[in-house]
Amino acid sequence: QVQLVESGGGLVQPGGSLRLSCAASGSFFSAYPMGWYRQTPGKERELVATITSGGSTNYRDSVKGRFTISRDNAKNTVYLQMNSLKPEDTAVYLCSRGSDRNGNYYPNYWGQGTQVTVSS
């Protein structure tokens, strides 16, 4: 059974930074692509960033240059460093473990999410 546990969310002022962590259980962590999503009430869950097993990354346009996804395979952990945060980044952030099919990321497992609130 795969479990994903996020941490690091909280309240931050606009322009501030947070680093989210996602600790994964299960074997062969390094073999799987990982992703971060976010969700706000009344809106569809949106993909924020992904990282492949080889370390290649992709970001949605609105976070490019501000967010960085990384992974530490020795710790079975994926991170999301978020800088220059904006109020519109406010959401529940969810970690996922997925699969790669034809260059596209498909989530298979989800964490419970961590709240990020950007407000003055």
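## Charges over aromatic rings

In this predicted model, R97 lies over the face of Y32, at a distance of 3.5 Å from the centre of the ring. A further arrangement of this kind involves R71, which lies over the face of F29 at 4.7 Å from the ring centre.

## The four-stranded sheet

Four strands come together in an open sheet, and their order across the sheet is β1-β3-β8-β7, with antiparallel pairing. The edges are formed by β1, which covers residues 4-7, and by β7, which covers residues 67-72, and each of these two strands pairs on one side only. From one strand to the next, the twist of the sheet averages 15°.

Within this sheet, strand β3, made of residues 18-24, and strand β8, made of residues 77-82, run antiparallel and are joined by six bridges. One position in β8 that can be located in the structure is L80, which has L20 standing opposite.

## Two aromatic pairs

When the whole structure is searched for aromatic pairs, two are found. One of them is formed by Y37 and Y105, whose rings are 6.5 Å apart from centre to centre and whose planes stand at 40° to each other, an arrangement described as tilted. This pair links distant parts of the chain, since Y37 belongs to strand β4 (residues 34-39) and Y105 to strand β10 (residues 104-110), with their positions 68 residues apart in the sequence. Y37 counts as buried because its relative accessibility is 9%, under the limit of 20%. Y105 has a relative accessible area of 14%, which is also under 20%, and therefore it is buried as well.

The other pair is formed by Y37 and W110, with a centre-to-centre distance of 4.8 Å and an angle of 65° between the planes; this angle is over 60°, so the pair is edge-to-face. Because Y37 lies in strand β4 and W110 in strand β10, this pair ties together parts that are 73 residues apart in sequence. W110 has a relative accessibility of 35%, a value in between the limits of 20% and 50%, and therefore counts as partly exposed.

## The aromatic cluster

Taken together, the residues Y37, Y105 and W110 form one aromatic cluster. Within this cluster, Y37 is buried at 9% relative accessibility and Y105 is buried at 14%, whereas W110 is partly exposed at 35%.

Definitions and conventions
Residues numbered from 1 in each chain as written. Predicted model: local features only at pLDDT ≥ 70, side-chain atom pairs only at ≥ 80, totals over all residues. Heavy atoms only, no water. Pairing = 2+ DSSP bridges. Axes fitted to C-alpha atoms, helices over the stretch in contact; angles between N-to-C directions. Phe/Tyr/Trp six-rings, centres within 6.5 Å; stacked < 30°, edge-to-face > 60°. Buried < 20%, exposed > 50% of the residue type's maximum accessible area, 1.4 Å probe, protein only. Lys NZ or Arg CZ within 6 Å of the ring centre and 35° of its normal.
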